[in-house]
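Please look through the structure below slowly, and keep it in view while reading the paragraphs that follow.

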Amino acid sequence: MSGKPLLIQKAAQLVTLKGSSTAPLRGKAMEDLHIIEDGSVWVEDGIIRSVGTDAQVREQVGSRLEEAEVVDAAGRLVTPGLVDPHTHLVFAGSRENEFEMRLQGATYMEIMEAGGGIHATTSATRQADEEQLYQESRRRLDQFLRHGVTTVEAKSGYGLSLEHELKQLKVAQKLNRDHPVNVVSTFMGAHAIPAAYKERPDEFVEQVIREMIPEVARRKLAEFNDVFCERGVFTPDQSRRILEAGKEYGLAPKIHADEIEPYGGAELAAQVGAVSADHLLKASDEGIRAMAEAGVVAVLLPGTAFFLMAEMADGRKMVDAGVPVALSTDCNPGSSPTISLPLIMNLGCLKMGMTPAEVLTATTINAAHAIRRGHEIGSLEAGKKADLVVFDVPNYMGLQYHYGSNHTRTVIKDGKVVYERD
């Protein structure tokens with residue numbers, strides 16, 4: 001990469017989260033933001049080269065200051081680029097009719113069993129060609145960028161057949177090449193039991209294990225392998241088989257766990273060495289302890305519970321138990337049709353008992369570790385990728401105090417200004 005150096009200068013607060021590249025933060029360490037007042041960042045070739053006070057950076061750079069493009073952050077907050085570690089970005093169709101059904105009392109599982117839910121989106125996604133999926137997903141990715149997100153994880157799982165799972169993953173791969181936001185792909189062929197296999201789910205499990213996982217791995221279309229471990233979907237035994245099969249092909253395990261009822265998903269995540277366990281609304285105390293001991297990142301999705309009018313996961317309890325916690329939108333057409341990670345941060349504070357510092361950690365460095373990117377993004381340190389956001393608030397607490405707003409002013413990705421609000 002070549003071009004002019006970049007100087008982000010004189011931030012009222014520069015949140016660095018330094019020293020967190022090797023492991024996610026947990027417990028009280030989630031409040032250690034390592035803030036520099038009147039802070040500046042010097043970037044060359046897309047990489048952070050210097051971080052410190054404005055005076056320190058200027059002294060280090062010297063006469064080269066005249067070469068740089070300057071982003072003036074005076075009076076504003078600068079943080080690492082936000083990371084969304086759990087999305088279902090690539091899909092077709094919409095399910096607003098189900099929203100009204102839920103308002104009238106139908107549960108998520110009742111809608112799914114009646115042919116709605118994941119099955120409805122699967123039908124729409126199968127009918128869409130790659131170009132339609134690409135264009136619809138790119139528009140969503142544009143919105144993520146405008147909200148300060150520089151990296152997202154994207155799951156398949158609306159194909160539920162080899163052909164259509166590959167289609168979703170190819171679209172995600174193309175978006176990663178074309179769009180400023182990095183897209184990290186997860187294979188989730190085990191998102192639901194297709195209607196044709198309702199009475200013989202183990203046959204579908206074998207199809208995922210013997211046909212889908214090997215082909216996804218052969219084509220290098222995903223880094224992770226996820227499964228929806230829930231009563232009425234995949235049992236803990238089926239989930240274990242799927243996750244262990246993925247490991248044999250180099251796909252790191254993730255798991256949708258304990259969303260509807262306690263089902264042993266958190267415990268299973270610890271046992272198989274999952275990178276993350278997600279949802280966890282009903283995780284048991286034993287499961288939480290096991291995750292803390294194993295270092296599994298808890299990716300909590302308060303927007304999903306909010307939209308489903310359900311009780312949220314106990315973020316405060318998990319932080320205090322020593323579980324590394326991340327937050328995510330769970331962007332999807334049924335249970336969380338949002339791209340606003342700032343709103344999710346608001347909910348983390350207002351409904352899950354987390355502090356403003358903890359939710360910022362949960363959407364930067366811990367979210368990066370939830371997708372195995374903590375060594376290159378999620379904090380502002382020399383040698384890491386220059387992904388930063390300038391927010392129109394004077395300090396990190398303002399992001400949550402002024403709730404329900406998008407405070408993003410400037411987004412820098414790989415050392416380039418890729419979005420700037422007028």
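A polar contact is a pair of N or O atoms within 3.5 Å, where, within protein, one must be able to donate a hydrogen and the other to accept it, and residues adjacent in sequence count only if both atoms are side-chain atoms. This is a predicted model, in which local features need pLDDT of at least 70 and side-chain atom pairs count only at pLDDT 80 or more, while totals for chains, interfaces and linings use all residues. Residues are numbered from 1 along each chain as its sequence is written, and side-chain values use heavy atoms, with hydrogens and water left out.

With that in mind, begin at His-86, whose side chain is joined to the side chain of His-88 by a polar contact of 3.4 Å, and whose side chain also makes a polar contact of 3.4 Å with that of His-256. His-86 has 0% relative accessibility and therefore counts as buried, a word that here means under 20% relative accessible area, with exposed meaning over 50% and partly exposed in between (1.4 Å probe, protein chains only). His-256 counts as buried too, because its relative accessibility is 3%.

Where do these residues lie? His-86 is found in the loop between β6 (82-84) and α2 (96-103), whereas His-256 belongs to strand β10; helices (H or I, at least four residues) and strands (E, at least two) are DSSP runs, numbered from the N terminus.

Turn now to helix α9 (residues 265-272), which is largely enclosed by the rest of the structure, because seven of its eight residues are buried. Among these buried residues are Gly-265, Leu-268 and Val-272, and just after α9, Gly-273 takes a positive phi of about 70°.
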